[in-house]
Amino acid sequence: MRTSQLLAPTLREEPAEAEVISHRLMLRAGMIRKTTSGVYTYLPLAQRVLFKIATIIREEMNRAGGQEVALPIIQPAELWQESGRWAVYGDELFRLQDRHDRDFCLGPTHEEIITDLVRGEVHSYKQLPQLLYQIQNKYRDERRPRFGLMRAREFIMKDLYSFDRDAAGLETSYRKMYEAYTRVFQRCGLKFRAVEADPGAIGGNASHEFMVLAGSGEAVIVYCNECGYAANVEKAEARPELSQEDLEPCDLELVSTPGVRTVEDGTAFFGITPKEIIKTLFYEAEYETGRELVAVVIRGDRSINEVKLLNRLGCLRVEMASEARIKEATGANPGFVGPIGLQGIRILADAEIPLMVQGVVGANQDNYHYRGVNPGRDFPLDDVADLRIVEAGEPCPKCGHPLAESYGIEVGHIFKLGTKYSSAMNAYYLDDKGQKQLMVMGCYGIGVSRTMAAAIEQNYDANGIKWPVAIAPFQVIVVPVSYQDDQQRQVAEMLYEQLLNLGVEVILDDRLERAGVKFKDADLIGYPYRITIGPKALKEGQVEISCRFTDQCSHVKVEEAAEWVANQIHQQLHS
RNA sequence: CGGGGCGUAGCUCAGUUUGGCUAGAGCGCUUGCUUGGGGUGCAAGAGGCCGGGUGUUCAAGUCACCUCGCUCCGACCA
């Protein structure tokens, strides 16, 4: 390829629409253009990167026994009604109707479609397991698309679905996928971590997320450098911390506390630390059958993990209760509410609460608090669970070593689905005794377009992108300082040919631009290697080879340059 | 879904407050010269339903109403 022909309209100025670094750089590097909110056109450079990521994924899926299929993007409502998700999925499902007013959706994922296929075509235990995957566009009508490709409405996903005879088979498939994913992201050249995750709405009982580590990541993960424990904070477990082990229970006391609304106010007023305050939060829990107001008590310095709360309650949704609702239930304004004397309201306590002996709570009466509150004595502790968000520095739940924290971008997610879909959609097989059995499923996704964005979030500098070799749009760019100079041009053309013959993905900058322009573009686009052919080194019979990643520059003899670069690339790809 | 902001040249933006001649700048693009190792310099050009609609007015990029699109914030700690 020659840059004179390449459709990569680089921008000197910052596009106004871009917010995150990957979005900005992809626009500036001429990789993508926005077509409409949350929908992007991929230009040749982006397409090459996506193709490379997809190729790595394909190779690893195939290696693990996966078979590629292509599934419809337009999916009939009937299948979604059968699984129950037509009603549950909500506004994120892109819905449409045909000319006969029949309902369809654009697939955000393909459990229904694949289960429908397999139940129709697979009937015997001899055909199991099946590992089927597809790499295609998927659709989610995000309430607010943002961060460029990171949260788009149209995006590219690889999804693999496993169908096994039983839980043991699923375990095997799951482990295969875990290993395959590890290989995929290693081969992409990304720094990542696999973490325990909450299975969330997809269902099932175990799951891991693969997080590309980047400061801009939306997800917070905690991990232990000692034993390797790693989890999304939504899931991370916590050891309850003793905070008042030296104190004895004392009498309950009603205290006038005018204007003391927040934990901060409370610590100042009582001269105590947030650890000694018991926060009471009211949630509206939504079940299929109705709503319930619950009170959740937690230490003043902790935060509630709503995912844990939702799982504990077994409800569909939780939401902070409105001020009006709280007042109606307690008679007091938020800030003066507490667990003592609540009538007919379920009280959930975080696991740290029973360890407290003298707490401060609101008295359910404006401008009054109780102190000396003894959980269990002064309010019931019938429902105790781990409900808080783990923070960095807390002891690892496995080994006790302090946990570290970092930000990650979720690029892969693997789930054990179990029989959720097979039972809803009647996907049976006959076992070796002729008995009907439910297939046991797993699903395993990788955000392909998101991985491209995540790679940039992790690898860039002030000048532009720094592609890992394995997913770079081209591995090398050959830049003659002046293409008009006969000698430079001849050397450039020769190296270009040699690299092509060596199987290197090379692009030649044959534009009649000034050197500075060519260097800027090369840095912005982020080619891993640049061979610069200029009069200075050429006098010595040399060219300069610089590495975008390490910023190192080597002078190499013209006749050895192609081989030299090819070796570097080979090493990068196989290290 | 709630609240803000913005739609003017391919891009980034002035101009709108206080209506008034042929609507501007920089970058990019074309042509010529120049330059030739980190976005050269000079000159000449091309390029606009001022998002769309309705209205007010002698007159609308500018005011009013409607509409479409884009974008940011929020939708959690008592």
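Before we look at the surface, let me say that Ala, Val, Leu, Ile, Met, Phe, Trp, Tyr, Cys and Pro count as nonpolar, Asp, Glu, Lys and Arg as charged, and the others, Gly among them, as polar. What we have is a predicted model, in which local features need pLDDT of at least 70, side-chain atom pairs count only at pLDDT 80 or more, and totals for chains, interfaces and linings use all residues. Residues are numbered from 1 along each chain as its sequence is written, chains are lettered from A and ligands numbered from 1 in the order in which they are written, and side-chain values use heavy atoms, with hydrogens and water left out.

By class, the surface near RNA strand B (near means that a heavy atom of the residue lies within 4 Å of the strand) has 15 nonpolar, nine polar and 20 charged residues. Of the 44 residues around the strand, R12, R144, G335, D523 and E544 come nearest.

Turning to polar atoms, a base oxygen of RNA strand B is 3.2 Å from an N or O atom in the side chain of K279, while a base nitrogen of the strand is 3.1 Å from a polar backbone atom of I304.

Now the interior: the largest nonpolar core, a set of buried (under 20% relative accessible area, 1.4 Å probe, protein chains only) Ala, Val, Leu, Ile, Met, Phe, Trp, Tyr and Cys residues joined through side-chain atoms within 4.5 Å, has 69 residues, of which M31, M452 and W467 touch the most other members. Domain 1 (21-190 + 421-457) and domain 3 (474-573) both give residues to this core, so the core lies between them, the domain bounds coming from an automatic or database domain assignment.

Key. Polar contact = N/O pair within 3.5 Å; in protein donor to acceptor, adjacent residues only side chain to side chain. Buried < 20%, exposed > 50% of the residue type's maximum accessible area, 1.4 Å probe, protein only.
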